[in-house]
Amino acid sequence: MADFKQEIARRRTFAIISHPDAGKTTITEKILFHGGVIREAGEVKGKSGTKAATSDWMTMEKERGVSITSSVMQFDYSGLRINLLDTPGHKDFGEDTYRTLVAADSAAMLIDAAKGVEKQTRKLFEVCKKRQLPIFTFANKMDREGKDPLELIDDVESTLGIRCYPVTWPIGMGDRFVGLYHRLEKKVYKYTKGQVAAEILEVSGWDDPVIESLTEKELYDKFCEDMELLDVALGPFEEAEFRSGMLSPMSFGSAKNNWGVDLFMEQFRMWAPGPGIYQADDLSPVDPNEKSFAGFVFKIQANMDKRHRDRVAFLRVCSGQFERGMKVKHQRLGRDLRLSYANQFQAHERDTVDTAYAGDIVGIVDTGNFQIGDTITDGKTLKFSNMPRFAPELFARLSIKDPLKKKQLQKGIRQLAEEGAIQLFIDPIVGEQEPIVGVVGELQFEVLLYRLNDEYRLDVRLERLPFSVARWPRKKESGEPLPLNDGLNGGAKIYSDSRDNMVVLLAREWDQGWLEKENPDVEFHTTAGL
Ligand code: G4P
């Protein structure tokens, strides 16, 4: 039997954060290639007639070539068992993307070297920062002319407020890219287009004449200038700073050409932390090495595979060991469940899992028992409420012509709300017949209509509403939610959410000031909390 502690110690669970088009799909396939999951780099990206993208589960994703729902892939690399969480990269993305980061122990931030830190990366980074997740940075597309690497560092440091530590440094870029100088190993990795492996040159340091012979004078002078500056201006690598998410090891390369991806993987192997400690609601730390099993659901997805017609709850194992068929205590429902069907995911396959350890992500086939944020344990009472909800910014009312299908619409919307795909609001006058949905990104509406049609056979009309803000009122003194029938001064329109909490929907954030003035005993929260 595998040693329990050793198994946990070799787990590494991470996510890649990036702005669309920075190259996340491309680098994912190169990482899977280095992990031996795919034999040929290029197998992943689904273009018509080729294999579908590894992480694409839904037809719509395949049709559009974008990754809408996050999934997870598990593979071995250099003795480590890696869980790579996929965060949807489309410009309009949902809460799913953010929540995935709650299940990761570190993140890799991928930036397009020509564009620097872009909007979506910034948003995702904020979630990482809140969790103090250690972050690696990879500047991609060095085969093209991009920003000066020093400018990139400045961009990351000033936009995100963290310190960068360049582990590698490019010698040239674009057509004049020669390779990478590894500052810690004192080696040059020389890359040539179309060649899988780098040519490795041992050097005495960045000022070794060998490097001078590799490139033209102008580039070499610039390289030396940069290296001198890095040595004096950018302090050393401090592991503690990295572990608290304040210092990011930075590397350069090209995902498309497979340049520097191996070096990034090596840094990941050296520094990526194993399963971290999660804090339970009662503030007690849950150590991954504790024997007793505990985990939480961070994502629910229905109909991942038409052949299976099921719903999968993604569980992050926080401590102990998960066994297929084990009896667990569902903390919210307060009862025992037997988890007979559980999967782990690898490339296009899903494998039945017999044993999983802290750090692993397990997909549990669910018949409706789970909601996002649910905690399960092997018996002891424990709850994690670390699952953030994000304030929706776009709202729409849904309706359906056929009166016989209204019940079906309610059911579909309830399920999708439980999955976390949307947030549900009910107008007390109209009722659930015409539900209101709130989302974080525009694409969620499109996905919603598609799924209602595809999975529930519903042809739904979506009418946009002029709100951009949802607020959950709570009593200032006790912090308790306001009862639904209490009402508010100031003419606010009151709705309820899927858990019967009072919500007000406002056109502008500015309107909140007015409500606060009119209701001095009430606080307005951006989320309901779980
Ligand atoms: P995403 O998942 O982050 O959205 O990005 P994706 O990997 O799909 O890459 C977006 C585009 O950037 C793709 O081009 C991809 O080939 C290109 N790309 C990725 N890495 C590099 C790199 O290192 N250098 C260069 N020059 N390009 C890179 P596309 O035209 O949309 O698709 P394709 O026809 O090239 O596959």
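Which polar side-chain atom lies 2.8 Å from a nitrogen atom of the ligand? The atom belongs to Asp143. This report describes a predicted model, starting with the ligand and moving outward to the rest of the chain.

## The ligand and its shell

The contact made by Asp143 involves a nitrogen atom of the ligand, at a separation of 2.8 Å. Oxygen atoms of the ligand also have polar partners in the protein. For Thr25, the partner is an N or O atom in the side chain, and the distance to a ligand oxygen is 2.5 Å. For Asp21, the partner is a polar atom of the backbone, 2.7 Å from an oxygen of the ligand. Taken on its own, the ligand has 710 Å² of accessible area, and the protein covers 74% of this.

In total, 17 residues surround the ligand, and Asp21, Lys24, Thr25, Thr26 and Ser254 are the closest. Sorted by class, the shell consists of 8 charged, 6 polar and 3 nonpolar residues. Helix H2, which spans residues 24–34, gives the largest share of the shell, with 3 residues.

## Helix H2

How many of the 11 residues of H2 are buried? The count is 8, and the helix is described as mostly covered. The buried residues are Lys24, Thr26, Ile27, Thr28, Glu29, Lys30, Ile31 and Leu32. Two of these names, Lys24 and Thr26, also appear among the residues closest to the ligand.

The buried residues of H2 pack against several elements of the chain. Strands E1 (11–18), E2 (72–77), E3 (80–85), E4 (106–112) and E5 (135–140) are among these partners, and so is helix H10 (261–271). Just after H2 comes Gly36, which has a positive phi of about 75 degrees.

## Before H2: Ser18 and Asp21

Ser18 is part of strand E1. Its relative accessible area is 2%, so Ser18 counts as buried. Apart from neighbours within four places in sequence, Ser18 is in contact with Lys24, Leu110, Gln120, Thr121 and Leu124. Ser18 and Phe138 are 120 residues apart in sequence, yet their C-alpha atoms are 10.0 Å apart in space.

Asp21 is found in the loop that runs between E1 and H2. Is Asp21 buried or exposed? Asp21 counts as exposed, because its relative accessibility is 66% and the cut-off for exposed is over 50%. That value takes only the protein chains as cover. Asp21 is not a glycine, but its phi is positive, at about 80 degrees.

## Lys186, Arg176 and Gln444

Lys186 is another residue other than glycine with a positive phi, here near 55 degrees. Lys186 sits in the loop between strand E8 (179–182) and strand E9 (187–190). With a relative accessibility of 40%, Lys186 counts as partly exposed.

Arg176 lies in the loop between strand E7 (168–171) and E8. Its relative accessibility is 33%, so Arg176 counts as partly exposed. Leaving out residues up to four places away in sequence, Arg176 touches Ile171, Glu216, Glu218 and Leu219. Arg176 and Arg144 are separated by 32 residues in sequence and by 9.1 Å in space, C-alpha to C-alpha.

Gln444 belongs to helix H12 (residues 442–456). Gln444 is buried, because its relative accessible area is 10% and buried means under 20%. A polar atom in the side chain of Gln444 lies 2.8 Å from the backbone nitrogen of Val440.

## The chain as a whole

The protein chain has 530 residues, of which 57% count as buried. Its secondary structure comprises 13 helices and 31 strands. Among contacts between residues at least 6 apart in sequence, 68% join residues at least 24 apart. The chain exposes about 22,600 Å², and carbon and sulfur atoms supply 47% of that area.

## Confidence in the model

The average pLDDT of the protein chain is 86, and 87% of the residues score at least 70. Over residues 42–58, pLDDT stays under 50, although the model has 46 contacts beyond four places in sequence for this stretch. Residues 64–70 also have a pLDDT below 50, and this stretch has 33 contacts in the model beyond near neighbours in sequence. Where pLDDT is low, predicted coordinates should not be read in detail.

How values were computed:
Residues numbered from 1 in each chain as written. Heavy atoms only, no water. Near = heavy atom within 4 Å. Polar contact = N/O pair within 3.5 Å; in protein donor to acceptor, adjacent residues only side chain to side chain. Areas by Shrake-Rupley, 256 points an atom, 1.4 Å probe, with all protein chains shown as cover. Helix = DSSP H or I, 4+ residues; strand = E, 2+ residues; numbered from the N terminus. Nonpolar A, V, L, I, M, F, W, Y, C, P; charged D, E, K, R; others polar. Buried < 20%, exposed > 50% of the residue type's maximum accessible area, 1.4 Å probe, protein only. Contact = heavy atoms within 4.5 Å. pLDDT = per-residue confidence, 0-100.
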